[in-house]
Amino acid sequence: MATRGIDYANLSLKDALDLAILIEDEAQERYEEFAVQMDQHRTPEAAKFFRYMVENEAKHGRELSARRVARFGSAPSAVSRTMIYDIEAPDYDAARAFMSARKAMEAALASEVKAHAFFVSALPTLQDAEVRALFEELRDEELEHQQLVQAELYKLRPESGLSDDDFVDEPAAQ
Amino acid sequence: MSATGTLDFQPKDYKSDLKPIWCPGCGDFSVVQGIYRALAAIGRPPHEIAFVSGIGCSSRIPGYTTAYGFNSVHGRALPIAQGIKLANPDLLVLAAGGDGDGFSIGGGHIAHLIRRNMDITYIVMDNQIYGLTKGQLSPTSQKGRTTCTSRYGSLEEPVNPLLYVLAYGAGFVAQASPTDLVGMAAVIEEAIRYPGFAFVNIQSPCVTYGEEAQQIKGLKAIQESLASLGHNPADRLAAMDLAQQYGEKMHLGVFYRNPEPPPTYGDLVKERQALLSKDALPRERILDLFIKK
Amino acid sequence: MRKDLVFGMAGSGGDGIVSAGDSLIQAAAAEGYHGVMTKSFGSQIRGGESSCRVRISIDPILNPGGNLDVAVALNWEDFLKFGAELPVSGTTVVIYEAATGIKETEIPLVGVTPLQVIAVPIAAMAKETAGTERAKNTVVLGLIAGWFGIGAVAVMKGIRKRLAKKGEELVEANQRAFDAGRAFAMAHPLKASMNIVSSDTKGNVKLITDGNDMCAAAAIFAGCQFFGGYPITPSTEIMQFFTDHVWKYGGAVLQAEDEIAGIGAAVGASFAGMKSMTATSGPGLSLKSEMMGLASIAELPLVIVDVQRGGPSTGLPTKSEQSDLFAAAFSAHGDVIRPVLAPTSVADTFRITIEAFNIAEYYQTPVIVLSDQEISQRKETLDPIDTTQFKIIERVRPTGADLQDYKRFKQTENHISPISHPGMLGGTYLASGIEHVESGAPTNSGTVHARMNDKRTKKFDPLKDRKDLFEVSGNPDAPIAMVAWGSVAGVCREALLMAQEQGINVKLLVPYLLYPVAEGVYNEFFASVQKGLIIEQTHLAQTHKLLRMHLDLPKGVKPMARSGANPFLPSEIVAALHNLLSELQRSHEGNLQPQE
Ligand SMILES: Cc1ncc(C[n+]2csc(CCOP(=O)(O)OP(=O)(O)O)c2C)c(N)n1
Ligand code: SF4
Ligand SMILES: [Mg+2]
C-alpha cells in the first residue's frame, strides 16, 4: 500500500473524491486480472468470485463518480493513478493456482482490511472537514465491504481442511 | 534521445490479446503492468518499439505487449537487441528475461553491452530460481538453498546483479518490485529515457518455486526506498555500497544514474557514418576497390 | 476379459490426472501387471492441459499403445488439445465429467462412435465424499477399479503410503472418494465387461522408473563420477538424479552456468581421468557442439545424452521427436565420427547407457545417447535387472613401459593410444584442439593431419561389426521390412506382431547404434527386402537420408516420416505394411505378364 506525492493536509474534496475513484478503479482492475488468471487455470469458482468483486468495486466507483460529477463537473483532477498503489487492490501474489473460492474470499477480505487501515491512517493528516467526512465514510464502507465478503464466506460449506495441493498435479516443466 | 514520443498513449494500448500463462500470483504479472505504464508515459507508438527476450517464464513477456516482440533463445536477448539497435537506432529497444537467462547463460553478454553503452533498457525479473524448468538453482539463489538440483543445499554464493552491472560501468542501475508498482513504472520509464545501457532488476516473486521470504510479504519486510535513505543517484560509490546489501535489503529506486552520460554506441556509429559517407563509391562500383592503381 | 488395456486421461493440471496415472501404474505393478505410462503437457507451468496414457497388460509391453481402450475426459477442451496423442476409436469406452453438461450423444469427438459413452458426476462425487472437487482423480481411480478390475486394493494402499505423513483425514477423504467411484462403476456395469484377467506374477518385485532416472542410474553403475550440465526439459531429471546420488560414490555434479560450461567441465573431468557425462536437449546440444569437436580431436571419453524434443530451437519443449539425428551425427565441424546410440525403452536405456560409457572409454571418444521425451519421461514397470551380466570397460592406460617414452597419441594397431591423466608420473602431455603429432605437440602439417584423421576415424571400424547393437526380429528372409529406432521402435515391434498375425511376411530392424552407419549390418538385412519402411518421427526423413548416404537402399524402401508430437499407432503401420504387400503382389503379377 503506497501513495506518493499526495499532500493530505491540503487535499481538496474534489481530489479526495478522485482519489477514492482511482482506488476503486485499481482494485477493480486487479480483480479483473485475477479473474482472467483463474480462467486461464481452470479455476472457475475463484474466477466467479473475483468477477463479483469486480462488480462491487465498479458499482462503488460509479457512485463516487456520480458524486464527483454532480459536485465538480469535469474540473481537472490533481491526483492520478501514478500516486497510488495497492490501496484496496490485493497484492499481486494473493492469487494462487487452483485456489478455492474460500481462499479467494480470504484474499479479498485481507485487502478490504488493508483499505480500511489506509483510510484510518490517513484521517489524522486531513485538514479539510468535508474531506475528513468523506474519508470517514470511505473507512466505514470498507467495513461494510468486509462484512459483504464475510457473508459470502459464511455461505460456503466449511472447508474440509484438506489442502488442494495434495490432489493437484505437479507443475509441468517446459 | 530516441525515447520521447508525442502521441497520447494509455497503458492498455501496449497490452496484447495474448493471455499470460504465468501461474496466478506470479510477480511477472506486475512487471508487465509496470512496462505498460512506463511505455504509456514515454508515449512511443507500439510499432516503434522492439522488445526482445530470451527463454524462461519471464521471457514470455514481449508477447503480452503490442510492441514488435522477439522471444528468442535462452540467454541471448542482449546480442539480438543490440543488433536491432544497430540496424535501426531510432527504435526503442527493450530487453527482458529471467535471472538465469541474464546472469547465468547470458551473463557474458552484459559486460559487453555496457562497454558499448548500447542504448537498450534491460529488465531482469529476478526470482532467484529457474521457473520454467521447474525450480532449479539460479545464479541469484542464496547459498545453501535446496532445490531439485541441490537436494543437500547449494554450495555456491549468489551473483549480485546490481554490483555486477555497476562494476562494469552501467550508466543507469535501478531496482523495483511488485510491492510498489508505481515506483516500478517510474524507474522503467527513467531507464528508457536514459541515453545508454540501463538496467532494472525487478524482484519478481515466483509463487510456485520461490521461498516464503521472496514472496511479497517477505519483500515488504526488507524493502527500503533509496530516495528515503537520501541516496544520491549520481554517486556511484555510494550506489555500490548500497548494492552490497542485495539479498538482505531490498532497495527500491535508482542506484546510479550517470550525470554525464557518455555518447552511446549508436551515436558513435552515426557520427562515423556521417564522417565516412562522403567516401562511398556507388554500390554498383564496389568492385572498383580492387583496381590496383 | 482383457489381457491388455490402454487408458488415456486428460484434464487440467488442477485435476491431478497425471498423479492418478502414477497411482494406477503403481497399483498395477503391485498386482503383478506390466505397465507403461506416458505424460504430456500443455505449455503452462501450472494448470494447463495435462494428460497421461497408461497401458496395463499381463504380457510385457512394447509401447504405450495405439487407440485407447478407455478414454477419461475431465473436460473436453483439455482432452481435445491432445489430438492424436489420445486417439479414440470404435472400441473405446469414453468416460467423462457429467458437469461438462454435454449429452452422451453429443460428445465433441468427430468421426468416431465409441463403443460406449458414460457421463459420470465425477466432481460432484468428489465434493460429496472428500469435501473437495480436487479429489476427482481419486474418484476416477475408483471408477477404473470398478469397471476394469485394476487396483481395487492396491490403489488405496499406494495412496495411503504416499499420504501417510499428511494425516489420516486426507487418507480417509481419498478412501471415500475412491469407494464412491468404485460403487458407481459397480452400479452401472459396462455393456460388455472389460475386466482385466488377473496376473499370475502377483507379488513379484517390480521396478518402476522412467528413462531419465534409468539413464542416470546406469551411468553411476558404469562408474560415471562426474556430471556437468544445465537444466533443460526434458533432460533435467538426469542431473537431478546425480545431485541426489553421485556424492555418495565420491563423485561430483556441477549445475553449470550454461551448456557450454557444463560439457566443458565434463571434458575437464575426463581429462583428469574420471568417467564423465553431460545431458541436455536440442538447444543445449547445439551449444555443446564446439566442445564435442574438442573432445573428439583430444580423444577424450565423454557421454552426452540428448533427450530429444520437438525442434528446431525451442520448438515443442514437452513433446517427443527424433529430429536431432542429423545434429547428433554431424554437429561440430571437421571430419569426425562420434558414435550415436539410441535406447528404445526405459528398460534398455540401462544397457545402452552402459554401452555408451564402454564405447566412450574404449575408443576415447564422445558418444551421444539419443533418447527422446517419450522414453525419458515415461514410466515403465520392469522386472529386476541382473546387473552382474554387464561388463564395464575402462580406458586403456599406459603401462610402465609406455610411460618410459610416453606418446599420448601414439599410432597403434587398433588406433587407440593409451591415455594418461594428470597425476600420473611420466604421462604428462598437452591435450589440444589444434592438430597434434603423436606426442601431443601442435602441428600444422598436412601429412600429420591426414594421418591423425585416419587414426581418429579408423579406430571406429570394429564398432560397425557390433551386431549386438542391432536387433532383427521377424522372418529373416522376409521381402517386406521396417527399420525404426528410439521410442518409435516399440510401436514397430508391436506392429510386427500384428502384421505377422495377419499373414504378412515382414521383419524389423532396430538399430541401437545409429552412427557410424554399420553398412554391413544393413546390407545383410536388406538383402531379402523388396519393400520397406523407415519409420521415424522427423519431418525430413532424416534416418532414411542418413542410410541412403551410406548405402544403396532397395528401391522399394521408403520413409514413413512425420513431425513430432504425432505418435505412430501400431495399426496405421500395419495398414502401411498391407499396402506394401499389395504393391508387391501387383508387381509380381506384373512380372508374370508378357512385357509389351
Ligand atoms: C540453450 C538452452 N538451455 C536451457 C534451456 C532450458 N531453460 C529454459 S528457461 C531456463 C531458465 C529459466 O530461468 P530464468 O531465466 O531465471 O527465468 P524464469 O523462468 O525464472 O523467469 C532454462 C534453463 C533452454 N531453453 N535453452
Ligand atoms: S513458475 Fe514461477 S516464475 Fe514461472 S510463471 Fe509460475 S510463478 Fe511465475
Ligand atoms: Mg528466474
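What follows is a walk through a predicted model, going from the ligand sites to a few spots elsewhere in the chains.

Ligand 1 makes a good starting point. Ligand 1 sits between chains B and C, and 22 residues surround it, the closest being B:Cys57, B:Ser58, B:Asp99, B:Asp101 and C:Glu259. Two helices, one from each chain, each supply at least two residues of the shell: helix 3 (99-105) of chain B and helix 10 (282-297) of chain C. Of the contributors to this shell, helix 3 of chain B gives the most, with four residues.

Several polar contacts to oxygen atoms of ligand 1 come from chain B. A polar side-chain atom of B:Asp99 is placed 2.6 Å from an oxygen atom of the ligand. The backbone joins in too: a backbone N or O atom of B:Gly100 lies 2.9 Å from an oxygen atom of ligand 1, and for B:Gly131 the corresponding distance, again from a backbone N or O atom to a ligand oxygen, is 3.0 Å. As for cover, ligand 1 taken alone exposes 590 Å², and the protein buries 98% of that.

B:Asp99 turns up again at the metal. The magnesium ion (ligand 3) has B:Asp99 (OD), B:Asn127 (OD1) and B:Ile129 (O) as its protein donors, at 2.0 to 2.2 Å. Along the chain, these donors follow the spacing D-x27-N-x1-I. How much of B:Asn127 and B:Ile129 is left accessible? For B:Asn127 the relative accessible area is 13%, so this residue is buried. B:Ile129 has a relative accessible area of 3%, so it is buried as well. B:Asp99 thus serves both sites, as a donor to the magnesium ion and as one of the residues closest to ligand 1.

Chain B also carries a nonpolar patch on its surface. B:Leu281, B:Ile286, B:Leu287, B:Leu289 and B:Phe290 make up this patch, which covers about 540 Å². One of its members, B:Leu281, is found in the segment after helix 9 (265-276) of chain B. Why does B:Leu281 count as partly exposed? Its relative accessibility is 32%, and partly exposed means a value between the 20% and 50% cut-offs. Patch residues need over 30% relative accessible area, so B:Leu281 meets that requirement at 32%.

Over in chain C, two buried residues are worth a look. C:Ala328 belongs to helix 11 (residues 325-330) of chain C. With a relative accessibility of 0%, C:Ala328 counts as buried. Its C-alpha atom is separated by 42 Å from that of C:Gly203, a residue 125 positions apart from C:Ala328 along the chain.

C:Thr381 is part of strand 14 (residues 379-382) of chain C. Is C:Thr381 buried or exposed? At 8% relative accessibility, C:Thr381 counts as buried, since the cut-off is under 20%. The side chain of C:Thr381 has a polar atom 2.7 Å from the backbone nitrogen of C:Gly35.

That leaves chain A. Its secondary structure consists of four helices and two strands, running β-α-α-β-α-α when read along the sequence. The C-alpha trace of chain A spans about 55 × 35 × 25 Å along its principal axes. Chain A has 174 residues, and buried residues make up 56% of them.

Key: Residues are numbered from 1 along each chain as its sequence is written. Chains are lettered from A and ligands numbered from 1 in the order in which they are written. This is a predicted model: local features need pLDDT of at least 70, side-chain atom pairs count only at pLDDT 80 or more; totals for chains, interfaces and linings use all residues. Side-chain values use heavy atoms; hydrogens and water are left out. Patches are made of residues with over 30% relative accessible area and no salt bridge: like charges are joined within 9 Å, nonpolar side chains (Val, Leu, Ile, Met, Phe, Trp, Tyr) within 5 Å. Accessible areas come from the Shrake-Rupley method with a 1.4 Å probe; for residues, only the protein chains shown count as cover. A salt bridge is a side-chain nitrogen of Lys or Arg within 4 Å of a carboxyl oxygen of Asp or Glu. Buried means under 20% relative accessible area, exposed over 50%, partly exposed in between (1.4 Å probe, protein chains only). Donors are N, O and S atoms within 2.8 Å of the metal (3.2 Å for Na, K and Ca); water is not among the atoms, so sites may look incomplete. A residue is near a molecule or strand if one of its heavy atoms lies within 4 Å of it. A polar contact is a pair of N or O atoms within 3.5 Å; within protein, one must be able to donate a hydrogen and the other to accept it, and residues adjacent in sequence count only if both atoms are side-chain atoms.
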